[in-house]
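Learning to read a protein model takes a little practice. Let's work through one together, one feature at a time.

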Amino acid sequence: MQPKQSPATGWGIAGIAFLGGVGGGVVFPILPVIGMDLGISGFMIGLILSANRITRLGFNPVTGSLLDRFGARWPVAVGLAIEAAGTLAFSVGLVADSPGLWFLAGRVIWGIGSSLLLVGTLAAVMAIAPRASRGGMTARVRTAISLGLPAGLVIGGLIADAASANAAFLTATALSVAAATLTLFLLPPTPAPQAGEKRPSTDSESTREQWRALLSVKTLRIIWGANALLFFAVSGVLLATIAVLVDQRGLFVFGLGPEGSAGLLMAVLMTARAGASLAAGRILDRSASRTRLLLPAMALVAIGFVGLGLAGTSLTAAAALMVIGVGSGGLTIPLLTLLGDVAPAHLHGRALSVYQWSSDFGGALGPAAGLELGRLLGFGPSYAGVGLLMLVMTLPLCGLIASER
């Protein structure tokens, strides 16, 4: 039987996830500017910024296997140490002869570390959360992950302006080291096998059978598909196009330019998403159903995209983004909580690694699709098309609801 964990442990895991996520956000407002100053091409800068997500696509399955074998404590601690090493590579790139290669190497290294962090913290909270409080504890950690990146954007920009880019990189490194140290004290050790449960074998045939069994679960496939579509829409299409939409339609806020106005509008979405995630966790813990929020949440995301496509003022755009934020927060937590219920406990790491893979796949595909469709069709029809895709996804979600009943 697993030792009973105090409620503070869930908040501790959330704090680790937040600190680890800050490091990734720090580089975004800095690398494009200093990259241009150092003579790095625009294509190379884009590749550098996306290299961590591309790396995670390949490494996430490895992360899942490591978590199922060793538990979350050491993989997460090592992942944070790897993140720190990746951020130090950015500092070296500032003075190196080939800064682009150092920056690219840093993002690849950081991608490996972030895979261990993102999947590992969710696996850690699922390892300690009883079913009755899994929704709320999962919501805390997932919200911390979501808020880490924008917090890093702010911290990185402020430190770079007040001191230097190198000071921002070193700060991110220190935060990752601090989080790694906390991990060793706060995350649970490798759990002992439950009665009748066998620890996953290292035999390659057994590993293939475990993956095959996991991928054959229909409920998990629907969860992964819905998550990929959500990240395609929000973290892909929307994130890549919102500044262009603001500029084209003059949706400026407080006299700021397109980038600043888009940042404030996205802050509305992120705040709404965080609040909805925490509320969804509380609702799930008080309900016998894990699926009751799925259809309303998906419908809100679809309505928000249609509304954003029609928005003619900054106020209506903010309202549409708030609706998208509420819907996406209300969708993510039920999906994750249901995943924790359905996936076998000894395969939580693998199940979450595929979940993260679907996030990265959707998020990587969305920007190119959104920008190209926006150029060809305009953003109104493009956002309406995304909303339609979200509504189509309600059909398999209805299958989840029916199976739960």
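The dialogue below looks at how helices pack and how charged side chains pair.

Q: Before we start, what kind of model is this?

A: This is a predicted model, so let's keep that in mind as we read.

Q: How do I describe two helices that pack together?

A: In general, you give the angle between their axes and the distance between those axes. Here, take helix 12 (residues 314-342) and helix 13 (residues 348-377): their axes come within 10 Å and cross at roughly 150 degrees. Angles over 145 degrees count as roughly antiparallel, so helix 12 is roughly antiparallel to helix 13. The crossing of these two helices is right-handed.

Q: Which residues of helix 12 and helix 13 meet?

A: From helix 12 come Thr 332, Leu 336, Leu 339 and Gly 340, and they meet His 348, Ala 351, Leu 352 and Tyr 355 of helix 13. Sorted by class, this contact has 5 nonpolar residues, 3 polar ones and no charged ones.

Q: What about charged side chains, and how many salt bridges are there in the whole structure?

A: The general idea is that side chains of opposite charge can pair when their charged atoms come close. A search of the whole structure finds 7 salt bridges. One of them joins the side chains of Arg 350 and Asp 68, at 2.9 Å from N to O. Arg 350 lies in helix 13 and Asp 68 in helix 3 (residues 42-70), so this pair ties together parts that are 282 residues apart in sequence.

Q: Are Arg 350 and Asp 68 buried or exposed?

A: Look at the relative accessible area, where under 20% means buried. Arg 350 has 3%, so Arg 350 is buried. Asp 68 has 4%, so Asp 68 is buried too.

Q: Which salt bridges does Asp 341 make with Arg 131 and Arg 290?

A: With Arg 131, the side chain of Asp 341 meets in a salt bridge of 3.4 Å, N to O. Arg 131 sits in the loop between helix 5 (99-128) and helix 6 (134-162), while Asp 341 is in helix 12, 210 residues apart. With Arg 290, the salt bridge of Asp 341 is 2.5 Å, N to O. Arg 290 is in the loop between helix 10 (258-285) and helix 11 (294-310), so this pair ties together parts 51 residues apart in sequence.

Q: How accessible are these three residues, and what network do they belong to?

A: Arg 131 is partly exposed at 44% relative accessibility, and Asp 341 is partly exposed at 23%. Arg 290, at 2%, is buried. Salt bridges with shared partners join Arg 131, Arg 134, Arg 290 and Asp 341 into one network.

Methods. Residues numbered from 1 in each chain as written. Predicted model: local features only at pLDDT ≥ 70, side-chain atom pairs only at ≥ 80, totals over all residues. Heavy atoms only, no water. Axes fitted to C-alpha atoms, helices over the stretch in contact; angles between N-to-C directions. Helix = DSSP H or I, 4+ residues; strand = E, 2+ residues; numbered from the N terminus. Parallel < 35°, antiparallel > 145°, perpendicular 65-115°, else oblique. Left-handed = near helix turned anticlockwise from the far one by under 90°. Contact = heavy atoms within 4.5 Å. Nonpolar A, V, L, I, M, F, W, Y, C, P; charged D, E, K, R; others polar. Salt bridge = Lys/Arg side-chain N within 4 Å of Asp/Glu carboxyl O. Buried < 20%, exposed > 50% of the residue type's maximum accessible area, 1.4 Å probe, protein only.
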